[in-house]
Each structure stands twice: as C-alpha cells, then as structure tokens.
Amino acid sequence: MNVLEAHVARSLEKDGTPCAEVQVRTDDPQCEQVLAYFSLSEDQDYDLVSIVRDDADLLTDWFDNSMHTAYEDITMQWFENESLKTDWGRRETFKQQVLASGQVREDLRELLG
C-alpha cells in the first residue's frame with residue numbers, strides 16, 4: 001500500500017505515551033482511510049506506534065452500536081509477513097511515506113517536540 005495523503009489531526013495519549021494522530025489516505029481499497037499514531041523516539045525522530053482502520057460512518061456511528069467496528073487496530077495484519085513476524089522494511093517504508101507527506105513532519109515537531 002502507498003500513502004496518497006496524510007495530515008496531523010491532533011495530539012493525545014496512547015497507553016500513557018504522548019502521541020499524534022495522523023489521518024492517512026492510502027491506495028489500499030480495503031483500508032482507504034487509516035489513523036496512524038506517532039510518538040517521539042529516543043533518537044529525536046518519530047516512532048510509528050500503531051495503525052487503526054478508520055471505518056467510522058456518521059450514519060451508523062453517531063451512537064454506540066454493534067453493527068461494525070469503526071476503529072480497529074490493524075498494525076499487525078498490515079506488516080505481518082508469511083512467518084507471522086513483523087516486516088520491518090514495509091513498516092519503515094509506510095512510516096517514511098507518512099512523514100514525507102505534506103506538513104506531517106513539521107506538524108509532529110510542533111506537537112511532540
């Protein structure tokens with residue numbers, strides 16, 4: 001999958017870690033819209049914490065319902081190889097595509113340092 005467009009939406013805490021939520025549009029027909037969460041890494045770059053499928057629909061998700069899962073963590077399934085291990089090359093490529101899109105890196109610097 002390739003990143004078509006990305007922009008930083010907001011800052012938040014994820015599992016106690018300050019993160020930024022980035023809305024990402026991809027060329028993957030099954031996951032056209034995802035949310036990527038980034039945190040500041042020890043080497044002053046950014047770590048890709050997780051990816052969540054953004055399947056929210058205002059028609060069905062304006063209230064709590066069980067019709068479908070609007071937000072599902074898909075980090076493992078996107079980057080898992082045949083031996084059920086993380087394909088770090090694909091994960092890093094996706095991360096770099098997001099960071100290079102528009103003002104993402106600059107906006108992350110403002111939010112996270």
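**Exercise 1. Glycine 113 and the helix before it**

Task: In this predicted model, find which element glycine 113 follows and the sign of its phi. Then state which residues of helix H4 are buried and how they are arranged around the axis of H4.

Solution:
- Step 1. Glycine 113 comes after H4, and its phi is positive, near 105 degrees.
- Step 2. Helix H4 covers residues 104–112, and its buried residues are Val104, Leu108 and Leu112.
- Step 3. Looking down the axis of H4, these buried residues fall within an arc of 40 degrees, so they line one face of the helix.

**Exercise 2. Leucine 40**

Task: Determine in which strand leucine 40 lies, whether it is buried or exposed, and what it contacts beyond its neighbours within four places in sequence.

Solution:
- Step 1. Leucine 40 belongs to strand E3, residues 33–40.
- Step 2. The relative accessible area of leucine 40 is 33%. Buried requires under 20% and exposed over 50%, so leucine 40 is partly exposed.
- Step 3. With neighbours within four places set aside, leucine 40 is in contact with Asp45, Tyr46, Leu112 and Gly113.
- Step 4. For leucine 40 and leucine 112, the C-alpha atoms are separated by 6.3 Å, although the two residues are 72 residues apart along the chain. Leu112 is also one of the buried residues of H4.

**Exercise 3. Threonine 26**

Task: Locate threonine 26, classify its accessibility, and list what it touches outside the residues up to four places away in sequence.

Solution:
- Step 1. Threonine 26 is in strand E2, which spans residues 17–26.
- Step 2. Its relative accessibility is 3%. The limit for buried is under 20%, so threonine 26 counts as buried.
- Step 3. Not counting residues up to four places away in sequence, threonine 26 touches Met1, Asn2, Leu4, Cys31, Glu32, Val34, Trp78 and Phe94.
- Step 4. With Cys31 there is also a polar contact: the side chain of threonine 26 reaches the backbone oxygen of cysteine 31 at 2.7 Å.

**Exercise 4. Cysteines and rings**

Task: Classify cysteine 19 and cysteine 31, count the disulfides, and count the aromatic pairs. Finally, state what lies over the face of tyrosine 37.

Solution:
- Step 1. Cysteine 19 has a relative accessible area of 1% and is therefore buried.
- Step 2. Cysteine 31, at 4% relative accessibility, counts as buried too.
- Step 3. A disulfide needs two cysteine sulfur atoms within 2.5 Å; by this rule the count is zero.
- Step 4. The number of aromatic pairs in the structure is zero.
- Step 5. Lysine 14 lies over the face of tyrosine 37, at 4.6 Å from the ring centre.

How values were computed:
Residues numbered from 1 in each chain as written. Predicted model: local features only at pLDDT ≥ 70, side-chain atom pairs only at ≥ 80, totals over all residues. Heavy atoms only, no water. Helix = DSSP H or I, 4+ residues; strand = E, 2+ residues; numbered from the N terminus. Buried < 20%, exposed > 50% of the residue type's maximum accessible area, 1.4 Å probe, protein only. Polar contact = N/O pair within 3.5 Å; in protein donor to acceptor, adjacent residues only side chain to side chain. Contact = heavy atoms within 4.5 Å. Arc of directions from axis to C-beta. Phe/Tyr/Trp six-rings, centres within 6.5 Å; stacked < 30°, edge-to-face > 60°. Lys NZ or Arg CZ within 6 Å of the ring centre and 35° of its normal.
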